[in-house]
Amino acid sequence: MALGLSHGISRRSFFATPVVLAASRALSAVDRRPNVVLIDGGTWRAQAVPWAGDPDVIAPNLARFATQAVTFSRAYACYGRSDRSRQCLFKGVFPHALSELDASPVASPGSSIDEPGAREAPTLATVLRGAGYRVGMFRTRDADQIVSFVHSPDTEPFFLEWSMENIGNGLMERGNPDRIQVRDDVPAEAQTRARDDLAVFYARARTRDRDIGVVLEALTRPLRGNNRGLSDDTLVVFTSDHGEQFGSHMGQGDDYMYEETIRIPLAIRYPRVLRGGAQSDMLVSQVDLMPTLLGWCGAAIPQSIQGRDLSMLLAGQAGERPEAVYAEGRLGQKDEWRMLVHGFDKLVVDMEGNVVYLFNLAEDPYEQTNLANVSAEQLKRDSLLAMERLWMKKLGDGVDASGLKKR
């Protein structure tokens, strides 16, 4: 049985968020197994997508896609570096569990998932291939190859994994850095570098958006024997490994617990099940995507999965709405940390169990006021700390089933 955490999940029904079609229609869609297109944008923070209101990102295809999809404003990565977060996405487990299950990396785009090192870990591609799906794995600039793949005459449903990297060239169309808006948590002394780095990111995003548009348009193109194209029967997901700081809190790059790094974009388009243009503030973890996609595809969920299958909940059926997400950072380093977001409260602890940060994201979205040592917040802090320890225990993260430390 897959490990799906229920702690931190309320009894409130998801029906309060208007993102679903009729349950009967959702059920009929499950009988017709969908194609799946999973777009991993690499290092792309949640704040830098059209549906988040970023004025500097030029991504008309993603903007159009968002009007047809459900967008999630509170999706979180499990780790702030791609070496682990990408595996969390494609294996549905938290970072600490990766070495326990299988130290091998996710199969690289263009390689066979039957090669040694990829065979032993139950990746999303592996499971769907076993369920009868045609599988393709692609790199950043492979839009033309993807179009050929989806228009193949093969009749079985397909799964394609499109993993993007932080690559570009001098021909990318860059805007004027001086006109770029930086976030309120970027100190004055970091703003010049932040604008220069953001100019490169936005140029890269614009290029990626063009390629995404090519693939999305190909899904609408009529096929032989199918005048509607593939869109209605294709589940498309856009997300990323994690974000970047770009000067926020004086940070550069990734591997931080702040929202700029640890929160990720997430948009899911599934016309037969989800109502396009809807927005959800439901807390979603990166590890929830694999079991949720498998649920919609009618495929067995591996025993190792630690994420939650949200497919029935999102399809409009009764279920418990997640109210907490968990993340890890800097594994094996002296400043290793764990994070719990419950509601709008965000707790960060070190590996000795000391509370390092406590923020209220509703009142303090830029994480400027650390409440960890505020006496008036002691009751909340202690409650969140107890909840975080329970997550560690259930996940086997540094403690055994009795609650004793493993290390």
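Modeller: Let's start with a term we'll need: a crossing of two helices is left-handed if the near helix is turned anticlockwise from the far one by less than a right angle, and right-handed if clockwise. This is a predicted model, and in it the crossing of H6 and H7 is right-handed.

Biologist: Thanks! Why are H6 and H7 called roughly parallel to each other?

Modeller: Angles under 35 degrees count as roughly parallel. Helix H6 (residues 143-150) and helix H7 (residues 191-220) pack at about 15°, so they are roughly parallel to each other. Their axes lie 9 Å apart.

Biologist: Which residues of H6 and H7 meet?

Modeller: From H6 come Ala 143, Ile 146, Val 147 and Val 150, and from H7 come Asp 211, Val 214, Val 215, Ala 218 and Leu 219. By class, eight residues of this contact are nonpolar, none is polar and one is charged.

Biologist: H7 also packs with H2. Why are H2 and H7 called oblique to each other?

Modeller: Angles under 35 degrees count as roughly parallel, over 145 as roughly antiparallel, 65 to 115 as roughly perpendicular and the rest as oblique. Helix H2 (residues 60-68) makes an angle of about 50° with H7, with the axes 7 Å apart. That angle falls in none of the named ranges, so H2 and H7 are oblique to each other.

Biologist: And what makes up the contact of H2 with H7?

Modeller: H2 brings Pro 60, Asn 61, Leu 62 and Phe 65, while H7 brings Asp 209, Arg 210, Ile 212, Gly 213 and Leu 216. Here the classes are five nonpolar, two polar and two charged residues.

Biologist: Let's move to burial. Why is helix H3 described as largely enclosed by the rest of the structure?

Modeller: A residue is buried when its relative accessible area is under 20%. In H3 (residues 82-91), seven of the ten residues are buried, so the helix is largely enclosed. The buried ones are Ser 85, Arg 86, Gln 87, Cys 88, Leu 89, Phe 90 and Lys 91. Just after H3, Gly 92 takes a positive phi of about 70°.

Biologist: What is notable about the phi of Phe 246?

Modeller: Phe 246 is not a glycine, yet its phi is positive, about 50°. You can find Phe 246 in the loop between strand E5 (234-239) and helix H8 (259-262). Asp 255 lies in the loop between E5 and H8 too, and has a positive phi of about 65° although it is not a glycine.

Biologist: How do you know whether Phe 246 counts as buried or exposed?

Modeller: Set the value against the cut-off: buried means under 20%. Phe 246 has 6% relative accessibility, so it counts as buried. Asp 255, at 5%, therefore counts as buried as well.

Biologist: What about Leu 313, buried or exposed?

Modeller: The relative accessible area of Leu 313 is 4%, so this residue is buried. Leu 313 belongs to helix H10 (residues 311-314).

Biologist: How many residues does the largest nonpolar core have?

Modeller: That core has 52 residues, and Phe 159, Ile 268 and Trp 296 have the most contacts inside it. Helix H9 (residues 289-297) gives the most to this core, with six residues. Apart from it lies another core of 40 residues, including Val 49, Leu 62, Trp 162 and Phe 201.

Biologist: And how many of the protein's residues count as buried?

Modeller: Of its 407 residues, 57% count as buried. The protein has eleven helices and twelve strands for you to explore.

Terms used:
Residues numbered from 1 in each chain as written. Predicted model: local features only at pLDDT ≥ 70, side-chain atom pairs only at ≥ 80, totals over all residues. Heavy atoms only, no water. Axes fitted to C-alpha atoms, helices over the stretch in contact; angles between N-to-C directions. Helix = DSSP H or I, 4+ residues; strand = E, 2+ residues; numbered from the N terminus. Contact = heavy atoms within 4.5 Å. Nonpolar A, V, L, I, M, F, W, Y, C, P; charged D, E, K, R; others polar. Buried < 20%, exposed > 50% of the residue type's maximum accessible area, 1.4 Å probe, protein only. Core = buried A, V, L, I, M, F, W, Y, C linked by side-chain atoms within 4.5 Å.
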